[in-house]
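Work through the exercises below with the sequence and the structure at hand. Each task is followed by a solution in steps.

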Amino acid sequence: MIAHCMFEQSGTFKNEFKKLGIEAYDYDLQDEFGETDYKVDLFDEIKKAYEGWESIFDRVGGEDIIMAFFPCTRFEAQISISFRGEATQQKKWTDLQKLQYCMKLHSELHMLYERLCQLVVVAERKELKMVIENPYTQPHYLTTYWCIKPTVIDKNRTDNGDFFKKPTQFFFINLQPSQNLVFEPLEYTETKVISKVAGTDKTTRQTERSMMHPQYARRFIKQYILPRENV
């Protein structure tokens, strides 16, 4: 098995796979952490694979797994507030400004939704094993407008040692979660509040809000990805 971690530039899941003896690589267009092994435009690669052209998906084997941390900024609850023109930064905007912004948002939303659907189509055609991660905070665009249902919903990530309580959903494509019991002590992790998370000199606020703790990644891999005999 090789773990192909897509849209993950932090190396969090990649490095936990490696600690468990599994070859793993990060794919992303950004490299704020110096962990990106393949710096590629994944949206372009998804489109090429969907249209039948050569792409990075050709290097994924049948026993490999793709962990796709698909961008969520246009699927989350905040997007509906922006469409209604009720976001804080829009309070003094004219209707013309709001309408222009709504068209831009909808175009971005359409592109992301299309690429996500194409990603799953590619996995189905090539029979690739894949887990897609996205927030579960309601209302969420995928909960209302997607035909693929989440396989695992984690309503409180701190129960498995993460920074955030942030509800998260995982879509399992061409595999079922292992449902292993993880018998290892939880190390204390200080809980962070999403709204108070700031960026750093190297990362944006958005990047910091999307981070997962290595402990959470390790436990997720052991509980849902590895065969029972390997836990």
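The model is predicted.

**Exercise 1.** Find the bridge partners of His 4 in β2 and in β4.

Solution. Start with β2, where His 4 is paired with Tyr 25. Then turn to β4, where the bridge partner of His 4 is Ile 66. Next, take the strands as wholes: β1 and β2 (residues 23-28) run parallel and are joined by five bridges. The chain gets from β1 to β2 by way of helix α1 (residues 12-19), in a right-handed β-α-β crossover. With β4 (residues 65-68), β1 also runs parallel, through four bridges. Last, check burial: four of the five residues of β1 (residues 2-6) are buried, so this strand is largely enclosed by the rest of the structure.

**Exercise 2.** Give the strand order of the open sheet and name the strands at its edges.

Solution. The seven strands follow the order β3-β2-β1-β4-β5-β7-β6, and the pairing is mixed. At the edges are β3 (38-39) and β6 (152-154). Each has a single partner strand, so one side of each lacks a neighbour in the sheet. Now add the helix: α4 lies across β4, β5 (129-135) and β7 (168-173), at about 160° to β5.

**Exercise 3.** Which helix gives the most to the largest nonpolar core?

Solution. First identify the core, which has 50 residues. Phe 13, Phe 17, Phe 57, Met 67, Ile 132 and Phe 220 touch the most other members. Helix α4 (residues 95-126) gives the most to this core, with seven residues. Then look at Ile 132: leaving out residues up to four places away in sequence, its contacts include Leu 116, Leu 119, Val 120, Trp 146 and Phe 170.

Terms used
Residues are numbered from 1 along each chain as its sequence is written. This is a predicted model: local features need pLDDT of at least 70, side-chain atom pairs count only at pLDDT 80 or more; totals for chains, interfaces and linings use all residues. Side-chain values use heavy atoms; hydrogens and water are left out. A nonpolar core is a set of buried Ala, Val, Leu, Ile, Met, Phe, Trp, Tyr and Cys residues joined through side-chain atoms within 4.5 Å. Buried means under 20% relative accessible area, exposed over 50%, partly exposed in between (1.4 Å probe, protein chains only). Helices (H or I, at least four residues) and strands (E, at least two) are DSSP runs, numbered from the N terminus. Contact means heavy atoms within 4.5 Å. Two strands pair if DSSP finds at least two bridges between them. A crossover is right-handed if, with the strands pointing away from the viewer, the path from the first strand over the helix to the second runs clockwise. Axes are lines fitted to C-alpha atoms, for helices over the stretch in contact, and angles run from 0 to 180 degrees between N-to-C directions.
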